[in-house]
Amino acid sequence: MKKILLFGLLVLTAIAILYLALAPSPVDPVEYHPLAKPEMTGVLAPNALLGQAELIAEGRIDGPEDTAIGPDGSIYAGMRDGKIVRVRPDGALETVAATGGRTLGLHFDKAGNIIACDAHKGLLAIDKNGKITVLASEAEGVPFRFADDLDIAKDGTVYFTDASDKFGIDDYLLDLLEGRPRGRFLSYDPATKSVKVLMRGLYFANGVALSGNEDFVLVNETYRYRIRRFWLKGPKAGTNDIFIDNLPGFPDNLSSNRRGTFYVALFSVRDDLADMMHRHPRLKRVMAKFPRFMWPGPKPYGLVLALDERGTMVKSFHDTSGGRLRAITSAVEHEGHLYIGSLHERKIGKLRL
């Protein structure tokens, strides 16, 4: 019996080796040398602030990637199954729409409509009756593969991202391994119903947030640990630069309180193995062939950063064990509280500021 098991193991090992050697890789990776990750000292020093957060709708929701507070004071969030739910102040939970996709970033416009990025459907509008309208699903003839996050200006212009023109939400880690700039930053004009590409070649275009007086807008490049600034007004209008570089983790959604503070949700802290792999394209090409369950997972850690409008970190919020809040993808300020969402978790955090 032992000989049969050993023989079977050898056969499976040989098949695995042949597969890894001969099967085509789903990625075409490039070499990348990340900067040395910053020390977790000073403003970044670990603390237990996120451990004080209240947990809302725990176990009753699934994957509230982003949150928005509606005119009625309820919390709105998109679920893993495509539903957009409302959590009323009394805790009651109800579905307000079902997109059939995967809703990520969402905001309310002046008319009370939900404007949302759906990873599968594109840029959507959901009215008060739950009617869904596709505002945009492509730009310059290139379909959106991964509509991600947005912010809305006072004039109604929607600024949003398409994270990757190759990999969808189910393959976002393949985009990480490939390491090529496939993301776009765009605007939607509700008056003309037209879409304009403002930036191309972003390394996983993610969070979006406007400054207080809307002279610039920020865009996360998740897989370069940095945030870019696109100027909307002044002598630099139409140009972009780096707002902050070498963050301590993977920046996901961005938000602005419109009073000079940006909140950066970090999905995970930096990983030495991931940084090392970026230097070796062949290793990444092979890793992409492995079953997903064999890939190293993100460190269980909760982290949100607060930045001022000069790009300086002014505060950090941690859950060093990830026991209460982790894999954070959004942090939104409203009436003295920070509402915290996650792509994978089954709860919303509410932290008094």
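# A Guided Tour of the Predicted Model

The structure holds twelve aromatic pairs. This is a predicted model, and the tour begins with one of those pairs.

**Stop 1: an aromatic pair.** Select Phe243 and Phe262 and display their side chains. The ring centres are 5.9 Å apart and the planes stand at 80 degrees; because planes over 60 degrees apart count as edge-to-face, this pair of Phe243 and Phe262 is edge-to-face. The pair links distant parts of the chain, for Phe243 belongs to strand β19 (residues 240-244) and Phe262 to strand β21 (residues 261-269), 19 residues apart. Are these rings buried or exposed? Phe243 has a relative accessibility of 7% and counts as buried. Phe262 is buried as well, with a relative accessible area of 0%.

**Stop 2: further aromatic residues.** Now select Phe146, Phe204, Tyr223, Tyr225 and Phe250, which together form one aromatic cluster. Next, add Tyr203 and Arg224: the charged end of Arg224 sits over the ring of Tyr203, 3.7 Å from the ring centre. A further arrangement of this kind can be found by selecting Arg292 and Trp295, where Arg292 lies over the face of Trp295 at 4.9 Å from the ring centre.

**Stop 3: the sheet that contains β21.** Return to strand β21 and display the backbone as a cartoon. Strand β21 is part of an open sheet of four strands, in the order β20-β21-β22-β23, with antiparallel pairing. Which strands stand at the edges? They are β20 and β23 (313-319); each has a single partner strand, so one side of each is left without a neighbour in the sheet. Neighbouring strands of this sheet are turned by 20 degrees against each other on average, direction ignored. As background, strands of a sheet pair through backbone hydrogen bonds, either parallel or antiparallel. Between β20 and β21, which run antiparallel, there are five bridges. To see one pair of facing residues, select Gly249 and Val269: Gly249 stands opposite Val269 in β21.

**Stop 4: Ser255.** Remain with strand β20 (residues 249-256) and select Ser255, which lies within this strand. Ser255 has a relative accessible area of 8% and is buried. Which backbone atom lies 2.5 Å from a polar atom of the Ser255 side chain? It is the backbone oxygen of Ala331. Residues up to four places away in sequence set aside, Ser255 touches Ala209, Thr261, Phe262, Tyr263, Ala331 and Val332. Phe262, from the first stop, is thus one of the residues that Ser255 touches.

**Stop 5: the sheet that contains β19.** Go back to Phe243 and its strand β19. Here the order is β16-β17-β18-β19, an open sheet of four strands with antiparallel pairing. Its edge strands are β16 (205-210) and β19, each of which pairs on one side only. On average, neighbouring strands of this sheet are turned by 30 degrees against each other, direction ignored.

Select β16 first. Six of its six residues are buried, so β16 is largely enclosed by the rest of the structure. Four bridges connect β16 with β17 in the antiparallel sense, and Val208 has Val219 in β17 as its bridge partner. Five residues lie between the strands in the hairpin of β16 and β17, where Glu214 takes a positive phi near 60 degrees.

Continue to the next pairing. Strand β17 (residues 216-221) and strand β18 (residues 226-231) pair in the antiparallel sense over six bridges. Select Asn220 to find its bridge partner in β18, Ile227.

**Stop 6: Leu106.** Move to strand β6 (residues 103-108), which contains Leu106. Leu106 counts as buried at 1% relative accessibility. Select Ala77 too: Leu106 and Ala77 are 29 residues apart in sequence, and their C-alpha atoms are 7.6 Å apart in space. Not counting residues up to four places away in sequence, the residues that Leu106 touches include Asp66, Tyr76, Ala77, Ile84, Ile115 and Leu150.

**Stop 7: strands β1, β25 and β26.** The tour ends at strand β26 (residues 348-352), which is joined to strand β1 (residues 54-56) by three bridges, the two running antiparallel. Select Glu54 and Lys350: Glu54 stands opposite Lys350 in β26. Strand β26 also runs antiparallel to strand β25 (residues 337-342), with four bridges between them. Leu338 has Leu351 as its bridge partner in β26. How many residues does the hairpin use to join β25 to β26? The connection passes through five residues.

Technical notes
Residues are numbered from 1 along each chain as its sequence is written. This is a predicted model: local features need pLDDT of at least 70, side-chain atom pairs count only at pLDDT 80 or more; totals for chains, interfaces and linings use all residues. Side-chain values use heavy atoms; hydrogens and water are left out. Rings of Phe, Tyr and Trp (its six-membered ring) pair if their centres lie within 6.5 Å; planes under 30 degrees apart count as stacked, over 60 as edge-to-face and the rest as tilted. Buried means under 20% relative accessible area, exposed over 50%, partly exposed in between (1.4 Å probe, protein chains only). A charge sits over a ring if NZ of Lys or CZ of Arg is within 6 Å of the ring centre and within 35 degrees of the ring normal. A polar contact is a pair of N or O atoms within 3.5 Å; within protein, one must be able to donate a hydrogen and the other to accept it, and residues adjacent in sequence count only if both atoms are side-chain atoms. Contact means heavy atoms within 4.5 Å. Two strands pair if DSSP finds at least two bridges between them. Axes are lines fitted to C-alpha atoms, for helices over the stretch in contact, and angles run from 0 to 180 degrees between N-to-C directions.
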